[in-house]
Amino acid sequence: MEKKGNAVTYHPLSANQTNIWNLESLFLGTPINVITTEIRINHRVRYSLIQEAINIVLEKDVSLRTRICLDEGVPAQYTVPFQKEIFPFLDFSMTDEEGIAHWAEAMSKDPMPLYDEPLYRCIVYRIDANSAGILVRMHHIISDGWTQLMVCNRIGQVYLDLVAGKQPDLAEAPPYTNHLAAEQEYFDSEEFQEDRAFWAGQLSQA
């Protein structure tokens with residue numbers, strides 16, 4: 001059930017998110033639910049446009065701006081308004097691919113705060129005069145491998161549009177609340193009762 005307070009609407013976690021939260025609770029202080037991906041950009045590197053592209057994607061995807069909180073010990077989620085960010089920039093032009101790989105691996109093992117904090121992190125880095133990269137880290141509670149790929153593709157496409165002097169035509173990403181509503185509808189249905197009875201019977205015979 002939705003809960004409103006301080007002009008913020010709080011939603012329960014989905015079943016999948018609850019599983020991820022339970023896993024996180026068992027392995028506190030570890031990166032077990034952190035997903036890390038790299039985007040590489042070659043030729044015509046424009047760092048200001050990289051920053052702008054990431055911000056546009058964040059503005060168009062409210063689910064990326066999800067925060068997790070505890071309400072009397074029970075996890076809930078809410079979203080925050082878009083605010084333009086300046087993402088960290090690192091210069092790796094004095095190292096090589098092996099050095100960048102070591103850094104990226106270390107970042108993949110860095111735990112991510114879960115409560116009332118951004119569940120994504122983007123770091124822009126320079127490789128050499130003609131190439132750059134973006135390290136995208138997201139918590140599994142708002143992302144999976146497919147979501148991560150879609151977000152990276154959206155960043156890449158917006159950046160290419162900006163470099164070409166085009167106004168990006170990026171559609172609003174569907175909010176995660178759509179899934180929450182569909183899941184609750186299923187839980188309230190006779191179909192769910194039948195499914196639960198079936199699987200309860202199967203497990204009792206195991």
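What follows is a chat between a reader and an author about a predicted model of a protein.

Reader: Let's start with the big picture. How many helices and strands does the protein have?

Author: Since this is a predicted model, take everything here as computed from that model. The protein has six helices and eight strands. Starting at the N terminus, the order of elements is β-β-α-β-α-β-β-β-α-β-β-α-α-α. As for dimensions, the C-alpha trace spans about 60 × 35 × 35 Å along its principal axes.

Reader: And what share of the residues counts as buried?

Author: A residue is called buried when its relative accessible area is under 20%. By that cut-off, 37% of the 206 residues are buried. The accessible surface adds up to about 12400 Å², and carbon and sulfur atoms own 55% of that.

Reader: How do I read the contacts? What percentage of them joins residues 24 or more positions apart?

Author: Take the contacts with a separation of 6 or more: residues 24 or more positions apart account for 71% of them.

Reader: Now to the strands. Which strands pair with β8, and in which sense?

Author: Pairing is read from bridges between strands, and two strands pair if there are at least two bridges. Strand β3, residues 34-42, pairs with β8 in the antiparallel sense over nine bridges. One residue to look for there is T37, whose bridge partner in β8 is V136. Strand β7, residues 120-128, also runs antiparallel to β8, with eight bridges. In that pairing, V124 stands opposite I134 of β8. β7 and β8 make a hairpin, and two residues sit between them.

Reader: Why is β8 described as largely enclosed by the rest of the structure?

Author: Strand β8 covers residues 131-139, and nine of its nine residues are buried, so the rest of the structure largely encloses it. You can check both faces. S131, G133, L135, R137 and H139 point one way, A132, I134, V136 and M138 point the other way, and all are buried.

Reader: Can we follow one residue in β3? What does I39 touch, leaving aside its neighbours within four places in sequence?

Author: I39 lies in strand β3. With those neighbours set aside, I39 is in contact with Y125, A132, G133, I134, V136, C152 and I155. I39 has a relative accessible area of 11%, so it counts as buried. Then try a pair along the chain: I39 and G156 are 117 residues apart, yet their C-alpha atoms are separated by 7.8 Å.

Reader: How about a residue in a helix? Is A53 buried or exposed?

Author: Look in helix α2, residues 47-59, where A53 is found. Its relative accessibility is 0%, so A53 counts as buried. Not counting residues up to four places away in sequence, A53 touches I155, V158, Y159 and L162. From A53 to D161 is 108 residues in sequence and 9.1 Å in space, C-alpha to C-alpha.

Reader: Where does D195 sit, and how far is its C-alpha atom from that of I68?

Author: D195 belongs to helix α6, residues 190-204. The C-alpha atoms of D195 and I68 are separated by 30 Å, with their positions 127 residues apart along the chain. At a relative accessible area of 29%, D195 is partly exposed.

Reader: Back to strands for a moment. Which strands join β5?

Author: Strand β2, residues 8-12, is joined to β5, residues 74-79, by two bridges, and they run antiparallel. There, P12 has A76 as its bridge partner in β5. Strand β4, residues 66-71, is antiparallel to β5 too, with six bridges. T66 stands opposite T79 of β5. The hairpin of β4 and β5 has two residues between the strands, and E72 takes a positive phi near 55° in it.

Reader: What about aromatic rings? How many aromatic pairs are there?

Author: A pair of aromatic rings is described by how far apart the centres are and by the angle between the planes. The structure holds nine aromatic pairs. For a place to look, F92, W103 and Y125 form one aromatic cluster.

Reader: Last one: how many positive and negative side chains are there?

Author: There are 16 positive and 29 negative side chains. The centres of the two sets lie 9 Å apart.

Terms used. Residues are numbered from 1 along each chain as its sequence is written. This is a predicted model: local features need pLDDT of at least 70, side-chain atom pairs count only at pLDDT 80 or more; totals for chains, interfaces and linings use all residues. Side-chain values use heavy atoms; hydrogens and water are left out. Helices (H or I, at least four residues) and strands (E, at least two) are DSSP runs, numbered from the N terminus. Buried means under 20% relative accessible area, exposed over 50%, partly exposed in between (1.4 Å probe, protein chains only). Contact means heavy atoms within 4.5 Å. Accessible areas come from the Shrake-Rupley method with a 1.4 Å probe; for residues, only the protein chains shown count as cover. Lys and Arg count as positive and Asp and Glu as negative; His and the chain ends are not counted. The place of a charge is taken as NZ of Lys, CZ of Arg, CG of Asp or CD of Glu. Rings of Phe, Tyr and Trp (its six-membered ring) pair if their centres lie within 6.5 Å; planes under 30 degrees apart count as stacked, over 60 as edge-to-face and the rest as tilted.
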